[in-house]
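These questions and answers concern a predicted model. Each answer works from the coordinates to a value or a name.

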Amino acid sequence: AREAGVVDRVSAITESAMRGELDFSQSLKKRLALLKGLPEERLMAVKERIPLTEGAERLLSNLKRLGYKTAILSGGFTFFGALLQEHLGVDYMFANELEIKDGALTGNVIGEIVDGQRKAKLLKNLAEKEGINLQQVIAVGDGANDLPMLNLAGLGIAFHAKPLVKQGAGQSISTFGLDSILYMIG
């Protein structure tokens, strides 16, 4: 029952941050504090149940076939992002690395927090590394911490996003799967 209560509290903080009501870094620290002491094996159990967003596999396989470089820039955790990267064949993945000591979460992250400003910086760095003009970049996001990245990209798409994000992004998809992005890019 304690774990269910923690999950509900973490979810509520996450939703509030995605709506732009809380500073992302502060909300991440609050969520991590709730998870402090969680055994690493509990993460394994969650990892097995992560659902893929509808259309993700079709979108990524087609982008790969067309020669696009792909990246996951997430305010989530590398623990889960690495699984998605491997499963979907994504070229780059950046997320927050959970600190684990003696088989349990410490409540801290290792390195710099991947917040909205960090996502924008990573997007810019990846474009430079790949020799791509930012106007050629497509960015997709759903939370307030995605807005700096969405506004930096030539095509910023709010996907099943919070109202604040829909207002701030150039394009928005609310009713179809991720693969509908293929139609937007022709």
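Q: In which loop is the place of H160?
A: Two elements flank H160 in this predicted model. They are β5, residues 155-159, and α8, residues 163-168. The place of H160 is the loop between β5 and α8.

Q: Is H160 buried, partly exposed or exposed?
A: Buried means under 20% relative accessible area and exposed means over 50%, with partly exposed in between. The relative accessibility of H160 is 39%, so H160 counts as partly exposed.

Q: What is the phi of H160?
A: H160 is a residue other than glycine. Its phi is nevertheless positive, with a value near 45°.

Q: In what order do the three strands of the open sheet lie?
A: The edge strands are β1 and β3, each pairing on one side only. β1 and β2 pair in the parallel sense over four bridges, while β2 and β3 run antiparallel and are joined by four bridges. The pairing in the sheet is thus mixed, and the order is β1-β2-β3.

Q: What is the average twist from one strand to the next?
A: The sheet in question is the open one formed by three strands, β1-β2-β3. From one strand to the next, its twist averages 35°.

Q: Which helix packs on the sheet and touches β1, β2 and β3?
A: The direction of this helix makes about 165° with that of β3. The helix spans residues 24-35 and is α2.

Q: What is the handedness of the β-α-β unit made by β1, α5 and β2?
A: The two strands of the unit, β1 and β2, pair in the parallel sense. Helix α5 lies across both β1 and β2, running at about 140° to β2. The unit of β1, α5 and β2 is right-handed.

Q: Which residue of β2 is the bridge partner of A71?
A: A71 falls at the start of the range 71-77 given for β1. β1 pairs with β2 over four bridges. In β2, the partner of A71 is Y92.

Q: Which residue takes a positive phi in the hairpin of β2 and β3?
A: The hairpin has two residues between the strands. On either side of that turn, K101 stands opposite A104 in β3. The residue with the positive phi, near 50°, is not a glycine; it is D102.

Q: Is D102 buried or exposed?
A: D102 lies in the loop between β2, residues 92-101, and β3, residues 104-110. The cut-off for exposed is over 50% relative accessible area. D102 has 86% relative accessibility and therefore counts as exposed.

Q: Which residue stands opposite L105 of β3?
A: L105 is found in strand β3, which is joined to β2 by four bridges. Among the residues that L105 touches are L98, E99 and I100. The one that stands opposite L105 is I100.

Q: How far apart in space are L105 and L43, C-alpha to C-alpha?
A: L105 counts as buried because its relative accessibility is 4%. Its contacts include L35, K36, G37, L38 and L43. L105 and L43 are 62 residues apart in sequence, and their C-alpha atoms are separated by 9.5 Å.

Q: Why do the buried residues of α4 lie on the same side of the helix?
A: In α4, the buried residues are A56, L59, L60, N62 and L63. They lie on the same side because the arc they cover around the axis is only 165°. An α-helix has 3.6 residues a turn, so residues three or four places apart point the same way. The buried residues of α4 pack against α5 and α9, and the arc that places them on one and the same side is 165°.

Q: Which residue with a positive phi follows α4?
A: The phi of this residue is near 90°. The residue after α4 is G67.

Q: Is T70 buried or exposed?
A: T70 lies in the loop between α4 and β1. It touches L60 and L63, as well as G89, V90, D91 and Y92. Since its relative accessibility is 9%, T70 counts as buried.

Q: What is the geometry of the one aromatic pair, F79 and F80?
A: Both F79 and F80 are buried. Their ring centres are 5.4 Å apart. The planes stand at 75°, so the pair is edge-to-face.

Note on methods
Residues are numbered from 1 along each chain as its sequence is written. This is a predicted model: local features need pLDDT of at least 70, side-chain atom pairs count only at pLDDT 80 or more; totals for chains, interfaces and linings use all residues. Side-chain values use heavy atoms; hydrogens and water are left out. Buried means under 20% relative accessible area, exposed over 50%, partly exposed in between (1.4 Å probe, protein chains only). Contact means heavy atoms within 4.5 Å. The arc is that of the directions from the helix axis to the C-beta atoms. Two strands pair if DSSP finds at least two bridges between them. Axes are lines fitted to C-alpha atoms, for helices over the stretch in contact, and angles run from 0 to 180 degrees between N-to-C directions. Rings of Phe, Tyr and Trp (its six-membered ring) pair if their centres lie within 6.5 Å; planes under 30 degrees apart count as stacked, over 60 as edge-to-face and the rest as tilted. A crossover is right-handed if, with the strands pointing away from the viewer, the path from the first strand over the helix to the second runs clockwise.
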